[in-house]
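Biologist: I'm new to this one and would like a close look at a single part of it. Could you take me to the aromatic pairs, and then show me what else is going on around them?

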Amino acid sequence: MKASTAWTVLLIAGLFEVAWAIGLKYTDGFSRFWPSVGTLLAMLVSVVLLGMAMKSLPVGTSYAVWVGVGAVGTAILGIVLFNESSDIGRLLSLGLIVAGIVGLKLSSPG
């Protein structure tokens with residue numbers, strides 16, 4: 001897989017991580033069947049895509065970007081869907097994570 005394709009796969013893996021993290025909220029401790037099924041499927045897809053991206057990208061970079069995309073996306077959806085705090089400190093911290101993701105991309109081959 002070309003590095004540019006691997007980065008796209010990695011981004012999609014991160015989006016599926018956001019899906020399963022938010023899905024956990026809707027499973028009610030895995031007591032609700034369909035939200036639990038969707039969450040488990042999103043987990044599986046996320047990890048499989050991460051593994052595919054790691055064939056072409058460094059493991060440390062891949063994992064850090066996957067976690068970063070998941071953390072930022074989940075925090076943003078937490079603000080939007082669950083009325084979680086959006087104070088300046090939290091938003092600046094999320095911006096630092098995004099800066100780290102961009103930095104990793106810019107300093108990686110491909």
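Modeller: Happy to. Let's begin with the whole chain: of the contacts in the protein with a separation of 6 or more, 65% are between residues 24 or more positions apart. Keep in mind that this is a predicted model. The protein has four helices and zero strands, so reading from the N terminus you get α-α-α-α. Its C-alpha trace spans about 40 × 35 × 15 Å along the principal axes. Of the 110 residues, 32% count as buried. About 6,400 Å² of the protein is exposed, with carbon and sulfur atoms supplying 73% of that area.

Now for the part you asked about. Searching the whole structure turns up three aromatic pairs. One of them joins Tyr26 and Phe82, and it is tilted, with 5.7 Å from centre to centre and 45 degrees between the planes. Tyr26 belongs to helix α1 while Phe82 belongs to helix α3 (residues 59-82), so this pair ties together parts that are 56 residues apart in sequence. How accessible are the two partners? Tyr26 has a relative accessible area of 37%, so it is partly exposed. Phe82 is partly exposed too, because its relative accessible area is 25%, and the cut-off for buried is under 20%.

Another of the pairs is made by Phe33 and Trp34. This one is edge-to-face, at 4.7 Å centre to centre and with 80 degrees between the planes. Both Phe33 and Trp34 are exposed.

Back at Phe82, there is a further visitor to look for. Lys25 lies over the face of that ring, 5.4 Å from the ring centre. That gives Phe82 two partners to find on your screen: Tyr26 in the tilted pair and Lys25 over its face.

From Tyr26, follow the chain onward into the loop between α1 and α2, where you'll meet Asp28 and Phe30. What is special about the backbone of Asp28? Its phi is near 55 degrees, a positive value in a residue other than glycine. Phe30 also has a positive phi, near 60 degrees, and it is likewise a residue other than glycine. As for accessibility, Asp28 comes in at 52% relative accessible area, so it counts as exposed. Phe30 has 41%, which means it is partly exposed.

Next, have a look at some residues on the helices themselves. Ser46 sits in helix α2 (residues 33-53). It is buried, because its relative accessibility is 0%. What does Ser46 touch once its neighbours within four places in sequence are left aside? Its contacts are Ala13, Phe16, Glu17, Trp20 and Trp66.

A second serine, Ser62, is found in helix α3. Ser62 has 0% relative accessibility, so it counts as buried. Not counting residues up to four places away in sequence, Ser62 touches Leu10, Leu50, Ala53, Met54 and Leu57.

For a look at the last part of the chain, try Leu91 in helix α4 (residues 88-106). Leu91 is partly exposed, because its relative accessible area is 41%. Again setting aside residues up to four places away, Leu91 touches Ile79 and Ser86. If you'd like a distance to check, Leu91 and Val67 are 17 Å apart in space, C-alpha to C-alpha, and 24 residues apart in sequence.

One last stop is on the surface. Which residues make up the nonpolar patch there? They are Met1, Leu41, Leu44, Val48 and Met52, and together they have about 460 Å² of accessible area. Met1 comes from the segment before α1 (3-27). With 47% relative accessibility, Met1 counts as partly exposed.

To retrace the tour, start from the tilted pair of Tyr26 and Phe82, add Lys25 over the face of Phe82, and then step through the loop between α1 and α2 by way of Asp28 and Phe30. After that, compare the buried Ser46 and the buried Ser62 with the patch that includes Met1 on the surface.

Key. Residues are numbered from 1 along each chain as its sequence is written. This is a predicted model: local features need pLDDT of at least 70, side-chain atom pairs count only at pLDDT 80 or more; totals for chains, interfaces and linings use all residues. Side-chain values use heavy atoms; hydrogens and water are left out. Patches are made of residues with over 30% relative accessible area and no salt bridge: like charges are joined within 9 Å, nonpolar side chains (Val, Leu, Ile, Met, Phe, Trp, Tyr) within 5 Å. Accessible areas come from the Shrake-Rupley method with a 1.4 Å probe; for residues, only the protein chains shown count as cover. A salt bridge is a side-chain nitrogen of Lys or Arg within 4 Å of a carboxyl oxygen of Asp or Glu. Helices (H or I, at least four residues) and strands (E, at least two) are DSSP runs, numbered from the N terminus. Buried means under 20% relative accessible area, exposed over 50%, partly exposed in between (1.4 Å probe, protein chains only). Rings of Phe, Tyr and Trp (its six-membered ring) pair if their centres lie within 6.5 Å; planes under 30 degrees apart count as stacked, over 60 as edge-to-face and the rest as tilted. A charge sits over a ring if NZ of Lys or CZ of Arg is within 6 Å of the ring centre and within 35 degrees of the ring normal. Contact means heavy atoms within 4.5 Å.
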